[in-house]
There are 2 protein chains.
Amino acid sequence: MGKIFDKDIDFTKWYTSIILESELIEYGLVKGTMILKPYGYSIWNNIQKGMDKYLKKVGTENCYFPLMIPYSEFIKESKHVEGFAPELFKISKLGDKVLEDELVIRPTSEIAFCHYFKSVCNSYNDLPIVLNQWCSVFRVEKNTRPFLRNSEFLWQEQHAIFSNEKDAKDFSFRMINIYKDFMNKFLCLPVLMGEKTEYERFAGASKTFTCEALMQDGQALQVGTSHYLSTNFSKNFDIKFQTKNNNFDYVYQTSAGCSSRLIGAMILVHSDNKGLVLPSLIAPYKYIIITNNEKDNKLEKVLSHVKASLGSIIFKHDDREKGIGLKLSEYEVKGVPFQIIIGSKEVENNQITIYKRNTQEKIGYSLNEINFDLFRNLLLQHDEELFKKAEKFLLDSIVKVNNLEEFILAIKNKKIALAYWNGNQEDEKRLKDLTGASSRCISWDHNADYQNSSNQKCFFTNKDNAKLVYFARAY
Amino acid sequence: MGKIFDKDIDFTKWYTSIILESELIEYGLVKGTMILKPYGYSIWNNIQKGMDKYLKKVGTENCYFPLMIPYSEFIKESKHVEGFAPELFKISKLGDKVLEDELVIRPTSEIAFCHYFKSVCNSYNDLPIVLNQWCSVFRVEKNTRPFLRNSEFLWQEQHAIFSNEKDAKDFSFRMINIYKDFMNKFLCLPVLMGEKTEYERFAGASKTFTCEALMQDGQALQVGTSHYLSTNFSKNFDIKFQTKNNNFDYVYQTSAGCSSRLIGAMILVHSDNKGLVLPSLIAPYKYIIITNNEKDNKLEKVLSHVKASLGSIIFKHDDREKGIGLKLSEYEVKGVPFQIIIGSKEVENNQITIYKRNTQEKIGYSLNEINFDLFRNLLLQHDEELFKKAEKFLLDSIVKVNNLEEFILAIKNKKIALAYWNGNQEDEKRLKDLTGASSRCISWDHNADYQNSSNQKCFFTNKDNAKLVYFARAY
């Protein structure tokens with residue numbers, strides 16, 4: 001077992017030591033890629049299974065689209081290609097044959113879905129169509145970090161078309177709320193929500209909604225986005241349908257995605273100097289039972305009572321020939337929510353010791369106190385504590401600022417600056433160059449009159465009609 | 001609803017019309033790629049879920065490996081690169097920057113796993129390691145056909161390392177038997193089993209074991225393979241471990257894979273001129289309940305009894321405003337095993353009509369005959385009939401041949417020729433050029449003395465020590 005760096009000394013090394021020591025990944029052969037090892041993949045698989053149910057609730061159907069997209073198709077939506085062009089992996093040769101039309105390795109699949117929607121959508125009866133795929137996508141990145149910024153990463157991308165603007169807008173709004181619910185419940189991750197400014201908007205979208213989480217180092221991380229694409233793509237790809245009145249109209253489109261970045265967020269929000277801390281719903285094992293390797297009738301009796309009480313809760317029994325202390329620290333690094341220690345002392349006294357990962361407490365229970373409800377309630381309590389702690393940190397970090405000096409100070413103190421803003425893309429770029437902070441979103445919580453214009457002035461440009469916007473350094 | 005071609009008139013058009021009309025796929029933008037639509041993806045998803053349980057039973061853990069492999073790594077195993085080089089998709093530029101070391105888009109991932117195994121395997125205590133990934137792989141193909149031969153296809157690839165030859169060999173043997181069990185049970189697919197000749201062996205393997213299925217046009221299809229790689233890769237990639245005696249030894253390696261080709265096999269074996277016929281375990285819906293769109297108390301009573309009886313069996317109720325006859329033929333094309341028709345006549349008489357897809361029978365049941373056991377037993381009977389029919393066709397197709405004339409005649413009659421064979425790669429190529437047939441495998445069923453040499457002469461080369469080998473035209 002290696003060593004977890006101290007996060008107050010070197011946050012970056014702390015993060016790297018956690019993902020390697022807890023056996024989530026190994027680095028891939030190509031820069032910016034990673035191998036998801038069984039423990040890491042199992043966490044991703046639990047995220048998939050959980051999220052998939054949320055997606056199905058809003059009528060999403062899964063499918064699979066090819067990895068390669070001809071470049072000639074890719075350039076049909078000008079803002080989309082402008083945004084993605086610098087990040088594209090492209091195939092220019094098959095064997096020795098040079099391709100006239102290069103093949104793009106998907107950085108996202110709007111283009112592929114557009115082509116499909118055009119072919120299957122004929123009438124208003126066909127709408128809405130809500131599809132999703134679980135796959136990996138590819139973007140050339142200069143500064144790569146596992147889970148946070150990869151050349152290849154796993155994600156889900158949902159693409160949908162509707163017969164009118166309202167349905168599409170409502171759906172893109174509903175999707176970002178679904179992401180929030182999932183993150184709150186499955187990852188114990190509190191998030192700020194809102195709309196992206198023009199500068200941070202998805203290339204090709206009319207509106208981008210976002211969930212933003214705050215890491216322990218005060219940096220924000222965009223963890224899920226939902227895009228209202230209006231008819232920007234459908235006009236360029238000629239995706240029309242026959243209306244009830246026998247006219248033809250362009251479809252209104254949305255897309256939304258969450259990626260393996262969620263694992264990075266979860267680590268950076270919950271973990272500590274002992275290693276990973278995992279929300280129970282995505283932990284591969286909720287409980288680990290640790291015993292010695294010896295066969296013993298009295299131990300067997302305790303064990304069978306514990307196992308029966310765990311019932312449907314996913315656990316593992318580790319009876320390898322290895323000291324109980326060594327096992328304990330192994331599973332501590334791996335973030336198993338609870339360890340049930342049944343050593344010789346426990347067997348003697350007809351009890352168990354439970355080690356709670358998030359608070360690092362050890363609590364003794366006598367056998368007659370143990371039942372399914374206890375084990376289940378411990379998990380619920382564990383997750384609630386994770387969420388509450390992260391939520392307090394997030395809310396305590398928000399600082400209302402009124403001028404540039406306060407803004408700079410807030411960012412310097414690793415806070416989220418909440419400020420009245422009405423600037424264009426150039427203003428935002430200038431502010432970022434000056435302070436290192438970028439806009440995260442136009443706050444929904446703080447702009448009760450979000451849909452209307454306010455009478456406030458922008459702290460930076462002094463323009464009227466400013467809205468409250470979150471700013472922070474971001475990954 | 002379109003038209004299913006007559007398979008006796010044009011088998012190829014029949015196949016294509018089935019996969020399009022039953023809404024399994026759309027063609028992708030790049031030659032040889034396909035979009036798995038929700039119905040097709042759901043079938044693949046059922047195959048995944050089923051197979052995954054079989055893989056876990058032998059201790060397999062899932063993981064995910066990067067798509068791109070540096071070409072400099074790829075060439076380390078000479079036979080492997082020789083076999084795959086003509087089929088590789090390669091990335092040679094990132095933006096405008098020409099790469100010195102091109103990136104191979106994985107055609108299979110032995111190389112990536114080797115690199116990983118070298119990094120994580122230290123001692124005999126670490127062995128065996130049995131990993132698997134579900135992903136897509138890429139091969140440049142001239143003649144592409146959906147599911148049967150694609151530029152990109154979905155599969156699982158299992159890669160494992162062991163401390164000794166016997167464990168590795170036994171495991172590769174066990175894997176091909178697991179594939180057979182899965183295909184028999186989940187796809188109702190009878191297969192021939194055996195070892196590939198040198199000519200047909202996986203590039204880099206010491207032995208390749210195979211499952212071969214027979215399509216209705218008399219062509220064979222390789223549907224699953226398991227490879228014993230010996231130390232061929234571990235020596236080139238220097239994958240060593242410390243033995244119990246503190247020596248160092250190379251690991252023994254295996255790999256095995258099954259792909260979305262299984263869907264092609266299932267179509268070509270079971271389907272008919274009415275459309276798809278689906279084994280119940282992979283059918284997205286086992287039963288469809290068809291009713292009119294009208295609300296009716298008496299209908300509701302029948303419906304609730306039927307739904308309660310179906311219990312945990314996956315079904316869908318279609319009450320769209322559409323004629324019962326039209327719905328029936330829609331689900332017939334889609335291969336739903338059973339349709340439960342509850343029209344006005346059925347409601348009147350307190351009964352239901354069940355349409356059985358494979359035999360195209362309609363059977364009436366009174367309400368008091370209906371219960372979970374009936375519905376479950378119908379599924380079991382349906383699947384058994386599919387398997388038995390396909391098995392009879394397969395066994396009836398095997399013809400023992402003793403000379404070239406009989407061989408050519410058998411192949412001309414769309415049979416599988418079973419012949420004594422002892423030829424080298426050139427002999428086999430010559431025979432293929434002459435007859436169109438390739439060796440499928442050295443039969444395990446017919447070579448009781450498989451491990452020993454026989455005293456038979458090869459029908460083609462006249463050499464001694466020939467073994468019984470299956471030959472057929474193949475996809």
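## Salt bridges, chain contact and local backbone features

B:D373 and B:R376 are joined by a salt bridge in which the closest N and O atoms lie 3.3 Å apart. The model is a predicted one, and the values below are computed from it. Because B:D373 and B:R376 stand three residues apart in helix α12 (residues 372-396) of chain B, about one helical turn separates them. B:D373 is partly exposed, with a relative accessible area of 40%, and B:R376 is likewise partly exposed, at 37%.

A second pair within a helix of chain B is formed by B:K166 and B:D170, whose closest N and O atoms are 2.6 Å apart in a salt bridge. These residues are four apart in helix α6 (residues 165-187) of chain B, so that about one helical turn lies between them. Here B:K166 is exposed, with 56% relative accessibility, whereas B:D170 is partly exposed, with a relative accessible area of 38%.

In chain A, the side chains of A:K37 and A:E26 meet in a salt bridge at 3.5 Å, N to O. This pair links distant parts of the chain, since A:K37 belongs to the loop between β2 (34-36) and α2 (38-57) of chain A and A:E26 to strand β1 (residues 25-27) of chain A, the two being eleven residues apart. A:K37 is buried, with a relative accessible area of 9%, while A:E26 counts as partly exposed at 21% relative accessibility. Also in chain A, a network of salt bridges links A:D318, A:R320, A:K322, A:K327 and A:E330. Over all chains, a search of the whole structure finds 52 salt bridges.

The pairs described by distance, together with one that joins the two chains, are listed here.

| Salt bridge | Closest N to O distance |
|---|---|
| B:D373 and B:R376 | 3.3 Å |
| B:K166 and B:D170 | 2.6 Å |
| A:K37 and A:E26 | 3.5 Å |
| B:E102 and A:K93 | 3.6 Å |

Turning to the contact between the chains, 42 residues from chain B and 42 residues from chain A take part. Chain B and chain A bury about 3,800 Å² between them, and 72% of that area is on carbon and sulfur atoms. On the side of chain B, the residues that lose the most area to chain A are B:L29, B:Y64 and B:M68, which together make up 18% of what that side buries. Two salt bridges are counted between chain B and chain A, and one of the salt bridges across the contact is that of B:E102 with A:K93. Eleven residue pairs, with both residues at pLDDT 80 or more, are in polar contact between the chains. Strand β5 (residues 89-94) of chain B gives the most to the side of chain B that touches chain A, contributing six residues. By class, that side of chain B has 26 nonpolar, eight polar and eight charged residues.

Not every charged side chain is paired. A:R139, in the loop between β7 (129-138) and β8 (152-162) of chain A, is buried yet has no salt bridge, and the nearest side chain of opposite charge, that of A:E87, is 4.3 Å away. A salt bridge is counted only within 4 Å, so the 4.3 Å between A:R139 and A:E87 falls outside that limit. The side chain of A:R139 does reach the backbone oxygen of A:P107 at 2.7 Å. Beyond its neighbours within four places in sequence, A:R139 is in contact with residues including A:F84, A:E87, A:F89, A:F153 and A:W155.

B:Q253, in strand β14 (residues 252-259) of chain B, is a buried residue at 0% relative accessibility. Leaving out residues up to four places away in sequence, B:Q253 touches, among others, B:C114, B:F117, B:H227, B:Y228 and B:F233. B:Q253 and B:K169 are 84 residues apart in sequence and 8.7 Å apart in space, C-alpha to C-alpha.

Some backbone features remain. The peptide bond from A:L127 to A:P128 is cis, with omega near -5 degrees, and A:P128 is placed in the loop between α5 (110-120) and β7 of chain A. In chain B, a cis peptide bond joins B:L127 and B:P128, with omega about -5 degrees, and B:P128 lies in the loop between α5 (110-120) and β7 (129-138) of chain B. A:D238, although not a glycine, has a positive phi of about 55 degrees; A:D238 is found in the loop between α7 (232-237) and β12 (240-242) of chain A and is partly exposed, with a relative accessible area of 33%. B:K414, also not a glycine, has a positive phi of about 60 degrees, and this residue of the loop between α13 (404-412) and β21 (416-421) of chain B is exposed, with a relative accessible area of 53%.

How values were computed. Residues numbered from 1 in each chain as written. Chains lettered and ligands numbered in written order. Predicted model: local features only at pLDDT ≥ 70, side-chain atom pairs only at ≥ 80, totals over all residues. Heavy atoms only, no water. Buried < 20%, exposed > 50% of the residue type's maximum accessible area, 1.4 Å probe, protein only. Lys, Arg positive; Asp, Glu negative; His and termini not counted. Polar contact = N/O pair within 3.5 Å; in protein donor to acceptor, adjacent residues only side chain to side chain. Contact = heavy atoms within 4.5 Å. Buried area = accessible area lost by both parts, 1.4 Å probe. Nonpolar A, V, L, I, M, F, W, Y, C, P; charged D, E, K, R; others polar.
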